[in-house]
Amino acid sequence: MTAIAIGIAALVARRGTMEVRGAAALSAALLCTPYVLDYDYVLLGMAIAFVAADMGKRGMLGWERSWLAYAWMAPLFGRAVSEWTHVPVNLIAAIAVLALAMRRAILLDGALAYSLPGRTKIA
């Protein structure tokens, strides 16, 4: 999980806006540690704020508001629900915010596009 989170954050850092980079770095930080407690999810709140700032500048993509609302609410009830159902609610929220940042970087910033020397970009 750590390698995937770092790889996605590096992809976003390659071409993403400052807001998207911040969201990716903060949500990836939560996924890179084996011990994340409830108070560590302040990082997720900051990542949500970065995505919301980017949404304010460049508009929303489908389902972003729903996933951000889930990620915002997850730390409130995540531990209790996880104990009852064995579904990692908080982990899903951190993965969702990282995925949203990656999606914005790919779709809006062309993070997967590359250019050859002396040629135009290839998507």
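Which element gives the most to the lining of the largest pocket? In this predicted model, that element is helix H5, with four residues. The largest pocket has a volume of about 210 Å³. Helix H2 (18–31), H4 and helix H5 (89–109) are the elements that each give two or more residues to its lining. In total, 16 residues line the largest pocket. Those nearest its centre are Leu30, Val36, Tyr41, Asn90 and Leu91. By class, the lining of the largest pocket consists of 11 nonpolar, three polar and two charged residues.

On the surface, a nonpolar patch is formed by Trp63, Trp67, Val87 and Ile92. Together these four residues have about 420 Å² of accessible area. One of the patch residues, Trp63, is located in the loop that runs between helix H3 (42–58) and helix H4 (64–85). Trp63 counts as exposed because its relative accessible area is 66%, where the exposed class requires a value over 50%.

A second loop residue, Thr17, is found between helix H1 (2–15) and H2. The relative accessible area of Thr17 is 21%, so this residue is classed as partly exposed; buried residues are those under 20%. Thr17 is separated from Ala29 by 12 residues in sequence. In space, the C-alpha to C-alpha distance between Thr17 and Ala29 is 18 Å.

How values were computed: Residues are numbered from 1 along each chain as its sequence is written. This is a predicted model: local features need pLDDT of at least 70, side-chain atom pairs count only at pLDDT 80 or more; totals for chains, interfaces and linings use all residues. Side-chain values use heavy atoms; hydrogens and water are left out. Patches are made of residues with over 30% relative accessible area and no salt bridge: like charges are joined within 9 Å, nonpolar side chains (Val, Leu, Ile, Met, Phe, Trp, Tyr) within 5 Å. Accessible areas come from the Shrake-Rupley method with a 1.4 Å probe; for residues, only the protein chains shown count as cover. A salt bridge is a side-chain nitrogen of Lys or Arg within 4 Å of a carboxyl oxygen of Asp or Glu. Buried means under 20% relative accessible area, exposed over 50%, partly exposed in between (1.4 Å probe, protein chains only). On a 1 Å grid over the protein atoms alone, a cavity is a set of points where a 1.4 Å probe fits but cannot get out, and a pocket is an open set with protein on both sides within 12 Å along at least five of seven lines; lining residues have an atom within 4 Å of a point. Grid points are joined across faces, edges and corners, and a volume is the space filled by probe spheres set on the points. Ala, Val, Leu, Ile, Met, Phe, Trp, Tyr, Cys and Pro count as nonpolar, Asp, Glu, Lys and Arg as charged, and the others, Gly among them, as polar.
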